[in-house]
Amino acid sequence: MSEKIILTTGVYDAIKEHLRRKKVSIHEENRLHTELRTAQQVLRRNLPEDVVTVDRKVTIKDHTKKDEQEYIFVSSMKAKPQKNKYSILSDIALAAVGYKVGDIIKWPFKDGERTIEIMKVEPWIQIA
C-alpha cells in the first residue's frame, strides 16, 4: 500500500471544502484529515497515470463484498451515477482517490469498514 496519497491541488482543495461542509461521517472525516496531512500535492501533469483522480476510469475490487466494479470519477457537476459517472467526492471515490494500482485500502464506509483494492486506473476522456 502507498505510504501517502498523491493528489492534485484541485482535488485536495475540493476534499478540504467537502470536509468543512461536514458532508462525510465522523469516521470518514477522521480518516480524510489524517490522509490529507501527509498527502503529496502535485500538478495534474505530474500525477502518475496509475493514481486515482478526476477523469479516470477505475476498477475496484471490494474484498468485503467480494465483487469488482468499474467507476468513472468526474467532477461533482458532471456526476451521473446512472451512467457510471461518480463524483470525486462520492464515498467510493473518497476511499480510493490518491491511491494507485495495487493498493489495498481499509475504509470506514457508511455501511461499515470494507477492504477495497485498486485493480486498474485508465484515463477517461469525455466525448462531447
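The following legends describe close-up views of a predicted model of one protein chain.

**View 1. The overall fold of the protein chain comprises 3 helices and 7 strands.**
Read from the N terminus, the elements follow the order β-α-α-β-β-β-β-α-β-β. Along the principal axes, the C-alpha atoms occupy a box of roughly 40 × 35 × 25 Å. The radius of gyration of the protein chain is 13 Å, which agrees with the value near 14 Å that a compact globule of 128 residues would have. Of the 128 residues, 45% count as buried.

**View 2. Five strands form an open sheet in the order β5-β4-β3-β7-β6.**
The pairing within this sheet is mixed. Its edge strands are β5 (85-87) and β6 (104-109), each of which pairs on one side only. On average, neighbouring strands of the sheet are turned by 45 degrees against each other, direction ignored. As a general point, the strands of a sheet pair through backbone hydrogen bonds, in either a parallel or an antiparallel sense. The next three views take individual strand pairs in turn.

**View 3. Strands β3 and β4 pair in the antiparallel sense.**
The pairing of β3 with β4 extends over 7 bridges. Residue I60 stands opposite Q69 in β4. Both I60 and Q69 also appear among the residues that line the largest pocket, which is the subject of a later view.

**View 4. Strands β3 and β7 pair in the antiparallel sense.**
There are 7 bridges between β3 and β7. One facing pair is formed by T59 and K120, the latter in β7. In a regular strand, side chains alternate between the two faces of the sheet.

**View 5. Strands β6 and β7 form a hairpin.**
Between β6 and β7 lie 2 residues. The two strands run antiparallel and are joined by 6 bridges. The bridge partner of F109 is G112 in β7. Residue I104 stands opposite E117, also a residue of β7. F109 is one of the residues lining the largest pocket.

**View 6. The largest pocket contains about 160 Å³ of space.**
Which residues line the largest pocket? The lining consists of I60, D62, K65, D67, Q69, Y71, D91, I92, F109, R114 and I116. By class, these residues divide into 5 nonpolar, 1 polar and 5 charged. At least two residues of the lining are supplied by each of β3 (56-62), β4 (67-74), α3 (91-96) and β7 (112-123). The largest share, 3 residues, comes from β4.

**View 7. Residue K22 lies in the loop between α1 (9-20) and α2 (26-38).**
The phi angle of K22 is near 60 degrees, a positive value in a residue other than glycine. Is K22 buried or exposed? Its relative accessibility is 57%, so K22 counts as exposed, the cut-off for this class being over 50%.

**View 8. Residue N84 is located in the loop between β4 and β5.**
Although N84 is not a glycine, its phi is positive, at about 65 degrees. The strand β5 (85-87) that borders this loop is an edge strand of the sheet.

**View 9. Residue I125 is found in the segment after β7.**
I125 has a relative accessible area of 67% and is therefore exposed. How many residues separate I125 from K57 in sequence? The two are 68 residues apart in sequence, and their C-alpha atoms are 9.2 Å apart in space.

**View 10. Residue Q40 belongs to strand β2 (residues 40-42).**
With a relative accessible area of 34%, Q40 is partly exposed. Q40 and I125 are 85 residues apart along the chain, and a distance of 25 Å separates their C-alpha atoms.

Conventions: Residues numbered from 1 in each chain as written. Predicted model: local features only at pLDDT ≥ 70, side-chain atom pairs only at ≥ 80, totals over all residues. Heavy atoms only, no water. 1 Å grid on protein atoms, 1.4 Å probe; cavity = no way out; pocket = protein on both sides within 12 Å on 5 of 7 lines; lining within 4 Å. Points joined across faces, edges and corners; volume = space filled by probe spheres on them. Helix = DSSP H or I, 4+ residues; strand = E, 2+ residues; numbered from the N terminus. Nonpolar A, V, L, I, M, F, W, Y, C, P; charged D, E, K, R; others polar. Pairing = 2+ DSSP bridges. Axes fitted to C-alpha atoms, helices over the stretch in contact; angles between N-to-C directions. Rg over C-alpha atoms; globule rule 2.2 N^0.38 Å. Buried < 20%, exposed > 50% of the residue type's maximum accessible area, 1.4 Å probe, protein only.
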